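Biologist: Before we talk about anything in detail, could you bring the sequence and the model up, so that we can go through them step by step?

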Amino acid sequence: MALLLAIDADPDERASWRALLQAELPDERLLDAPTEDVDIAIVANPPAGALAGLPRLRLIQSLWAGVDRLLADPTVPVDVPLARMVDPAMNEAMAETALWAVLALHRGFFDYAAQQRAGEWRVHAQRRADEVLIAVLGLGQMGRTVALRLAANRYPVWGWSTHDAAVAGVRSTVGEAALPATLAAADIVVNLLPLTRATNGLFGARRLAQMKPGAALVNLARGAHVVDADLVDALDSGWLRHAVLDVFHTEPLPPEHPFWRHPRITLLPHVAAQTDPRSAARVAADNVRAVRAGRAALHLVNRARGY
Ligand code: NAP
Ligand code: GLV
């Protein structure tokens, strides 16, 4: 039996993954190209078709937390268990990014950066953290860590998910019926939902209009959660104050896209929480060892739910 590494990365990064995985799994044969005896695939953003025609495949281990691309690829076998990356190091990185965005929005630091570029000295009123309500959409691995980090920084935090997530210090709101009130209450909305049929295009005109006037959107999940033209309209009209965006429909974001030059948008190149190979190789290897020992892999995706 052998492990297929289907990792879309530059040669140095691929070599680094290979070395870390081989160190974790010294008895395994790691392959860069498919053969008939591949029974486990370790994948990061693989091209469509990379997992087709592997008759012995019994585990797909994603090195990414979000598996929307894999689930959308009709050539990925639907009857093979799919495990996603769940790594506390990623959750911590996400919490850092969310805290940076929230602090910068709350204290007006993006506005001050724009003022510096314009040579303008102007002071804005200063609010306390406990006056800035944050809604975190999605209280899973990332959202829960983010919500706790924001609450520890004295922000009032509401967390929205499909069931009562019981996160200490966070007010839980549940289900679609609670979404309008959650959006309306928040000064800053942080999106950490998975991309599914239910969440695709969530931030279109209707939901953006339910947000509080002057609120800000922080999208750290997937670009397809946002209807780009509707977001631009909401920012241009002044309904929303600012958006911090890490993820986009097309990545890299095309040079002609209006987000690049929009004065109320701050962009990151999909770096809110990068997979850390040092810890992620261990997580992936633990699942390989589990399957070899006849145990179930951890962090399996529920394909019916889409996450
Ligand atoms: P997760 O552990 O699967 O958590 C998903 C959360 O969303 C759960 O709380 C779930 O609620 C909730 N949810 C799902 N569908 C919902 C719906 N229709 N309505 C309300 N709540 C819903 O996911 P995660 O590991 O935190 O990751 C979240 C997303 O972050 C990933 O899918 C990925 O897209 C993104 N991400 C981005 C980066 C980056 O660098 N930008 C890095 C990693 C991940 P229940 O548990 O109640 O069902
Ligand atoms: C990054 O976006 C991931 O899903 O790991």
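**Ligands, cavity and backbone**

Modeller: This is a predicted model, and a good place to begin is ligand 1, which is surrounded by 30 residues, the closest being Arg 84, Thr 162, His 163, Asp 246 and Tyr 307.

Biologist: Which helix or strand supplies the largest share of the shell around ligand 1?

Modeller: The elements that each supply at least two residues of this shell are α3 (88-106), α5 (141-152) and β7 (157-161). The largest share of the shell is 3 residues, and the element that supplies them is α5.

Biologist: How far from an oxygen atom of ligand 1 is a polar side-chain atom of His 163?

Modeller: Polar contacts are counted here when two N or O atoms lie within 3.5 Å of each other. The backbone takes part, since an oxygen atom of ligand 1 is 2.8 Å from a backbone N or O atom of Met 142, and an oxygen atom of the ligand is 3.4 Å from a polar backbone atom of Ala 221. For His 163 the atom belongs to the side chain, and its distance from an oxygen atom of ligand 1 is 2.4 Å.

Biologist: What percentage of the accessible area of ligand 1 does the protein cover?

Modeller: The shell that does the surrounding divides into 16 nonpolar, 10 polar and 4 charged residues. On its own, ligand 1 has 940 Å² of accessible area, and the part of this covered by the protein is 91%.

Biologist: Turning to ligand 2, which residue has a polar side-chain atom 2.6 Å from an oxygen atom of the ligand?

Modeller: The residues around ligand 2 are Trp 64, Ala 65, Gly 66, Met 90, Arg 222 and His 270, and they divide into 3 nonpolar, 2 polar and 1 charged. Ala 65 offers a polar backbone atom at 2.7 Å from an oxygen atom of the ligand, whereas Arg 222 places an N or O atom of its side chain 2.8 Å from an oxygen atom of the ligand. The residue with a polar side-chain atom at 2.6 Å is His 270.

Biologist: Which element gives the most residues to the lining of the largest cavity?

Modeller: The count comes to 1 cavity of 30 Å³ or more, and the largest cavity has a volume of about 40 Å³. Its lining consists of Ala 104, Leu 105, Gly 108, Phe 109, Phe 110, Asp 111, Arg 241 and His 242. Two or more of the lining residues come from each of α3, α4 (109-118) and β11 (240-245), and the element that gives the most, with 3 residues, is α4.

Biologist: Why can the protein be called as compact as a globular protein of its length?

Modeller: Its secondary structure comes to 9 helices and 12 strands. The globule rule gives 19 Å for 307 residues, and the protein is as compact as a globular protein of that length because its radius of gyration is close to that value, at 21 Å.

Biologist: Where does the cis peptide bond lie, and what is its omega?

Modeller: Most peptide bonds are trans. The cis bond runs from Glu 251 to Pro 252, and Pro 252 is in the loop between β11 and β12 (265-267). The omega of this bond is near -5 degrees.

Biologist: In which loop does Arg 154 have its place?

Modeller: Most residues other than glycine have a negative phi. Arg 154 has a positive value, with phi near 75 degrees, and its place is in the loop between α5 and β7.

Technical notes
Residues numbered from 1 in each chain as written. Chains lettered and ligands numbered in written order. Predicted model: local features only at pLDDT ≥ 70, side-chain atom pairs only at ≥ 80, totals over all residues. Heavy atoms only, no water. Near = heavy atom within 4 Å. Polar contact = N/O pair within 3.5 Å; in protein donor to acceptor, adjacent residues only side chain to side chain. Areas by Shrake-Rupley, 256 points an atom, 1.4 Å probe, with all protein chains shown as cover. Helix = DSSP H or I, 4+ residues; strand = E, 2+ residues; numbered from the N terminus. Nonpolar A, V, L, I, M, F, W, Y, C, P; charged D, E, K, R; others polar. 1 Å grid on protein atoms, 1.4 Å probe; cavity = no way out; pocket = protein on both sides within 12 Å on 5 of 7 lines; lining within 4 Å. Points joined across faces, edges and corners; volume = space filled by probe spheres on them. Rg over C-alpha atoms; globule rule 2.2 N^0.38 Å.
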